[in-house]
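Here is a short briefing for a first look. Keep the sequence and the structure in view as you read.

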Amino acid sequence: MTAARTARTRLSPSARRAQLLECALAAFAEHGVARATHSHVAERAGVSVPAVHSYFRTREDLVAAVLGEVEIYLLHIVSSSLGGPKTVAEALEALAVNFARDATEKPDMIKVWLDWSTGVRADVWPRYVDVLERLHGIAQKVLERGKREGIIPATLDVKAAARVYLGGGHTVALMQFSGAKPREFNAVIEQLVRAAMGVGFDTLLKSPD
């Protein structure tokens, strides 16, 4: 489905670039990182294809700009959700809830993130891996705090727990797109938080008598 063309107006260069970038995000959400083109962006913005090229010269430039926006979003939502004066459990729950919320409020951003995360291609994959490592690092710090506070088992591998927990963000976002019910979200989010914090982990590791 193609979005309605927006009215052509005279914008400053910075405003025009911002508009084109917003349209590019929507185009990438609809067509995918591997298939979206300058033409798709021009169609959405109601401008000529050369006008889009004047801001994003090549397709590589366009892809880099869109993924840059997604990168900024991911780093912000993870750091802001997990930061601040929250308990470890509150921080972990906040991030899962915010991912679910944004699947509704910022669907284009979430769809491009999901597509990027599965695009194991030479040109875009290394950048995603780098972003993912930074996100894991933020989550690990929260879990390490939990260890210091004595609420997370000392034997828990926080790096592995951070990977599993952030991977759950995909599940939460996909549930939102599939129309899951609130009680289903609550059950999954509770399970994600418990798993990340190693609830029952020590018991699991103990040998039976």
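Two residues are in contact when heavy atoms of theirs lie within 4.5 Å. The model is predicted. The points below cover two helix pairs, an aromatic group and one residue of helix α8.

**Helices α4 and α7**

- The axes of α4 and α7 are 10 Å apart, and the packing angle is about 5°.
- Angles under 35 degrees count as roughly parallel, so α4 and α7 are roughly parallel to each other.
- On the α4 side, the contact is made by Ala 64, Leu 67, Gly 68, Glu 71, Leu 74, Leu 75, Val 78, Ser 79 and Leu 82.
- On the α7 side, the partners are Arg 127, Val 131, Arg 134, Leu 135, Ile 138, Ala 139 and Val 142.
- Sorted by class, the residues of this α4 and α7 contact are eleven nonpolar, two polar and three charged.

**Helices α4 and α5**

- Helix α4 spans residues 59–82, and helix α5 spans residues 88–105.
- Their axes come within 8 Å and cross at roughly 140°.
- That crossing angle is why α4 and α5 are oblique to each other.
- The crossing of α4 and α5 is right-handed.
- From α4, the residues in contact are Tyr 73, Leu 74, Ile 77, Val 78, Ser 81 and Leu 82.
- They meet Ala 91, Leu 92, Ala 94, Leu 95, Asn 98, Phe 99 and Asp 102 of α5.
- The contact of α4 with α5 holds ten nonpolar residues, two polar and one charged.
- Leu 74, Val 78 and Leu 82 of α4 appear in the contact with α5 and also in the contact with α7.

**Aromatic residues**

- The model has three aromatic pairs.
- In one of them, the ring centres of Trp 116 and Tyr 128 are 5.1 Å apart, and the planes stand at 65°, so the pair is edge-to-face.
- Trp 116 sits in helix α6 (residues 107–117), and Tyr 128 sits in helix α7 (residues 125–148).
- These two residues are twelve residues apart, and their pair links distant parts of the chain.
- Both Trp 116 and Tyr 128 are buried.
- Trp 125 joins Trp 116 and Tyr 128 in one aromatic cluster.

**Gln 176**

- Gln 176 lies in helix α8, which covers residues 158–177.
- Its relative accessibility is 23%, so Gln 176 counts as partly exposed.
- Leaving aside residues up to four places away in sequence, Gln 176 touches Ala 100, Arg 101, Ala 103, Thr 104 and Phe 185.
- Pro 107 is 69 residues from Gln 176 in sequence, yet their C-alpha atoms are 9.8 Å apart in space.

Terms used: Residues are numbered from 1 along each chain as its sequence is written. This is a predicted model: local features need pLDDT of at least 70, side-chain atom pairs count only at pLDDT 80 or more; totals for chains, interfaces and linings use all residues. Side-chain values use heavy atoms; hydrogens and water are left out. Axes are lines fitted to C-alpha atoms, for helices over the stretch in contact, and angles run from 0 to 180 degrees between N-to-C directions. Helices (H or I, at least four residues) and strands (E, at least two) are DSSP runs, numbered from the N terminus. Angles under 35 degrees count as roughly parallel, over 145 as roughly antiparallel, 65 to 115 as roughly perpendicular and the rest as oblique. A crossing is left-handed if the near helix is turned anticlockwise from the far one by less than a right angle, and right-handed if clockwise. Ala, Val, Leu, Ile, Met, Phe, Trp, Tyr, Cys and Pro count as nonpolar, Asp, Glu, Lys and Arg as charged, and the others, Gly among them, as polar. Rings of Phe, Tyr and Trp (its six-membered ring) pair if their centres lie within 6.5 Å; planes under 30 degrees apart count as stacked, over 60 as edge-to-face and the rest as tilted. Buried means under 20% relative accessible area, exposed over 50%, partly exposed in between (1.4 Å probe, protein chains only).
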